[in-house]
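Visitor: I should be grateful for a close look at the sheets of one chain, together with the helices and the core that accompany them. Please take the parts in turn and give the reasoning where there is any.

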Amino acid sequence: MQFGLSESQEFLKDSARKFFAGECPSAEVRRLMETDTAYDADLWSKLTEQGYTGIIFPEEYGGVGLGKVELMLLMEEAGRALLPGPFFSTVVLAGSVLDAVATRAHKKQYLAPICRGEVRATVALVEDSANWDLKSIEMNATNGKLTGEKFFVPDATIADFLIVVARDGVFVVNSKARGLKISPMHGMDLTRKLCVVEFSDTPAEKIAVNSGLSRAFDIATAALAAELVGGMQRTLDITVEYAKTRKQFGKPIGMFQAVQHQCADMYLETESSRSAVYYAGWALEENSPDASTAVSIAKMYASDAARTVGNRGIQIHGGMGFTWENDVHLYYRRAKASETAFGDATFHRERIASTVIDSATISAKSA
Amino acid sequence: MDLNLTAEELAFRDELRSWLASHVPKDWDAWREKPIEESFPYLRSWQRKLQEGRWAAVSWPKEYGGRSATLMQQAIFWEEMARVEAPPMANSLGLGLIGPTIIACGTEAQKKRYIPKILSAEEIWCQGFSEPNAGSDLAGLQTEARLDGDHYIVNGQKVWTSYGWVGDWCELVVRTDATAAKHKGLTVLLVDMKSSGVEVHPLRQMTGESEFNELFFRDVRVPAENILGKVNDGWNVAMSTLMYERGSYGARLHLIFKRYITRLIELARTTDRNGRPAAKDPLIRQKLAQCSAEIEIMRFNQMRAFSRITATGVPGPEGSIQKIFWSELNQRLQQIAQEILGSYGQLLGGDPHAIDKGLWSYAYLRTRGNTIEAGTSEVQRNIIGHFVLGLPRSY
């Protein structure tokens with residue numbers, strides 16, 4: 001048994017870190033977050049050159065064919081850099097859904113251009129109930145057309161096509177389709193733009209039934225938790241650096257146990273989240289029977305930990321932590337958005353409870 | 001990353017499993033509730049049986065009677081022992097902490113003299129580290145040893161000594177140079193507990209029992225050849241012992257905690273709270289789920305740490321995460337148990353209405369000690385702050 005990264009995994013993580021540090025430094029994040037889409041075509045083509053847009057998808061569709069653990073590592077590094085724009089929505093979310101449910105022909109049509117970096121895409125899932133349980137979806141297609149609203153859709157304004165989850169199946173909708181209206185929602189996280197998408201008799205192509213979706217969303221959920229781990233690590237690094245250099249009462253504030261012990265807790269929370277995320281990645285890759293629970297454990301723990309780590313990081317920075325200039329709040333904002341996306345900690349604890357407490361009803365509850 | 005057991009690990013596990021299947025005592029349940037003074041001979045003979053199968057000290061090098069087991073195999077060992085609810089071994093400090101320290105720091109003569117009897121449980125070992133005025137600040141200890149010819153004369157007091165009442169030998173940290181800086185004047189002595197001037201008193205703890213002892217040393221004569229390591233190098237010897245304390249032993253905690261929570265979930269299903277089973281109460285469900293998840297995360301953290309130690313060869317200060325994690329988790333777990341059991345949670349073992357013979361009231365009190373023993377949570381956070389994160393020393 002070996003719960004450490006292999007040489008090639010270390011290499012991937014290391015090169016991703018260098019790549020993001022070079023191509024997506026804090027100044028670039030801040031520039032992009034002030035734009036409407038947080039998208040940069042030049043950055044996108046560099047992500048494509050690295051193979052990141054096709055990281056976990058089969059070579060047949062132009063992907064790189066790496067595993068879920070590798071995806072976790074890439075997302076961790078993307079999270080550390082606070083990578084803005086539609087990478088998560090296009091590659092992790094839309095890509096995973098297509099990979100999980102689409103036919104070969106549809107994969108060629110929709111997944112391959114994602115791998116090649118030619119298109120942006122997203123998934124429209126939750127509705128005004130903001131309920132992340134697939135069973136709560138009400139939208140239905142009538143004669144191949146969709147009507148209704150989807151909320152909290154990431155990066156829809158820059159998407160070339162949307163994958164829409166309805167009660168009666170999974171649909172692809174072209175972003176220029178008739179009766180489609182995309183309006184921004186003004187969320188806390190400025191680096192990932194959320195939208196309301198309204199459909200009125202909008203033509204949609206049904207590509208699959210809903211079964212198999214939960215695996216795609218498990219992958220996306222774990223990847224989001226991985227991104228949170230990267231954000232926590234960066235928040236910890238910035239904070240520890242500050243605690244070493246900022247002096248009060250003639251001493252670095254990191255010498256005070258009231259500060260030092262909070263840093264220790266940030267480290268514990270970050271490392272524990274990382275363990276949970278890596279395990280979830282491995283369980284997904286191995287199709288282990290506990291994969292869904294492992295994903296819930298990771299998302300539940302990382303969602304809470306990212307908020308706590310952010311709280312501590314801001315507090316330790318004192319007045320500086322409350323300024324716009326300091327980067328900690330940017331991670332804190334992302335953490336809040338990611339905390340609720342794909343179910344917050346309370347949602348996932350209930351999912352875990354339904355497995356460990358009412359195991360007799362698991363089969364009925366697996367969505 | 002590959003969490004499947006390797007062929008060697010599987011072989012190790014299977015050999016152990018089949019050995020345990022035919023050797024693990026079936027009557028431990030009847031014995032475990034008796035006072036340890038009564039069950040101790042039973043634990044000694046269990047350890048002897050393990051040693052006959054060469055399972056008493058799997059981590060030890062083969063030439064000393066172990067199996068040179070990898071860290072992962074050691075973890076498997078403790079997991080399997082917990083799985084079959086095997087009794088503990090009588091000489092657990094000798095096997096887990098002191099034996100390895102003697103193997104690492106002792107002379108050939110010392111190894112020959114002490115190691116076989118540690119393995120056979122013929123000689124039980126205890127540890128004389130903490131003192132009334134030296135807990136977290138261990139290096140501030142005051143028990144002194146003065147050289148007098150070829151003997152040391154030891155005077156002082158130790159506390160929180162496990163197995164003191166049954167100990168034949170003690171790994172004792174003493175001050176041999178009062179003029180040196182506090183870490184530099186310490187020496188480790190191997191002390192015969194039957195020496196004249198050694199007194200052992202029970203230390204009654206808040207649970208009402210006495211797991212630990214106080215040791216008093218009055219003009220105790222210890223042969224100079226009983227120094228372990230070098231004179232005034234006792235700090236390094238003691239630290240190498242404490243490093244073993246945070247080793248693979250933690251692997252069994254996962255199963256122990258899992259057993260707790262499984263039982264707790266059972267109780268939650270059958271205990272009525274506000275007119276419905278506690279297991280249907282959304283708050284209780286949230287807490288049980290959180291706890292179950294954290295028990296898994298504790299295991300993931302541990303597996304990652306084992307892999308890191310295997311790769312780097314040394315247990316790092318990251319072990320402090322495990323200590324904080326399991327001890328605080330155990331306290332949260334017991335708090336949830338109390339919430340589920342309500343007024344019944346307080347009942348002690350002797351009460352006819354007590355749930356699980358008072359297990360939960362006992363565990364609730366006992367877990368308060370978890371964040372204190374083996375390095376307080378505060379000390380662990382200092383270790384992380386200074387040694388892992390590189391923050392300036394706070395003390």
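Guide: What follows treats the two sheets of chain A, then the nonpolar core, and lastly one helix. The model is a predicted one.

In the sheet with the order E1-E4-E5-E8 (chain A), 4 strands are arranged in an open fashion, and their pairing is mixed. Its edges are held by strand E1 (121-124) and strand E8 (205-208) of chain A; each has a single partner strand, so one side of each lacks a neighbour in the sheet. On average, and with direction ignored, neighbouring strands of this sheet are turned by 30 degrees against each other. E1(A) runs parallel to strand E4 (residues 161-166) of chain A, and 4 bridges join the two. Within that pairing, A:Ala121 has A:Phe161 in E4(A) as its bridge partner. Helix H5 (residues 87-101) of chain A packs on this sheet, where it touches E1, E4, strand E5 (169-174) and E8 of chain A. The direction of helix H5 makes about 70 degrees with that of E1(A).

The other sheet to be described is also open, with 4 strands in the order E2-E3-E7-E6 (chain A), but here the pairing is antiparallel. Strand E2 (141-142) and strand E6 (180-185) of chain A stand at its edges; because each has a single partner strand, one side of each is left without a neighbour in the sheet. E6(A) is joined by 6 bridges to strand E7 (residues 194-203) of chain A, and these two strands run antiparallel. A:Lys181 finds its bridge partner in E7(A), namely A:Glu198.

We turn now to the core. Nonpolar side chains tend to be buried together in soluble globular proteins. The largest nonpolar core here has 228 residues, and A:Ala222, A:Val277, A:Ala280 and A:Ala298 have the most contacts inside it. Helix H7 (residues 213-245) of chain A gives the most to this core, with 17 residues. Neighbours within four places in sequence aside, A:Ala280 is in contact with A:Ala222, A:Ala225, A:Ala294, A:Val295 and A:Ala298.

Finally, helix H11 (residues 345-356) of chain A has 12 residues; at 1.5 Å a residue it should span 16 Å, which agrees with the 16 Å between its end C-alpha atoms. Its buried residues are A:Ala345, A:His348, A:Arg349, A:Arg351, A:Ile352, A:Ala353 and A:Val356. The buried residues of H11(A) pack against helix H9 (291-317) of chain A, and also against helix H8 (251-270) and helix H9 (282-312) of chain B.

Terms used. Residues are numbered from 1 along each chain as its sequence is written. Chains are lettered from A and ligands numbered from 1 in the order in which they are written. This is a predicted model: local features need pLDDT of at least 70, side-chain atom pairs count only at pLDDT 80 or more; totals for chains, interfaces and linings use all residues. The expected span of a helix is 1.5 Å times one less than its number of residues. A residue is buried if 20 or more other C-beta atoms lie within 10 Å of its own, exposed if 12 or fewer, and partly exposed in between; C-beta atoms are placed from the backbone. Two residues are in contact if their C-beta atoms, placed from the backbone, lie within 7 Å. Two strands pair if DSSP finds at least two bridges between them. Axes are lines fitted to C-alpha atoms, for helices over the stretch in contact, and angles run from 0 to 180 degrees between N-to-C directions. A nonpolar core is a set of buried Ala, Val, Leu, Ile, Met, Phe, Trp, Tyr and Cys residues joined through C-beta atoms within 7 Å.
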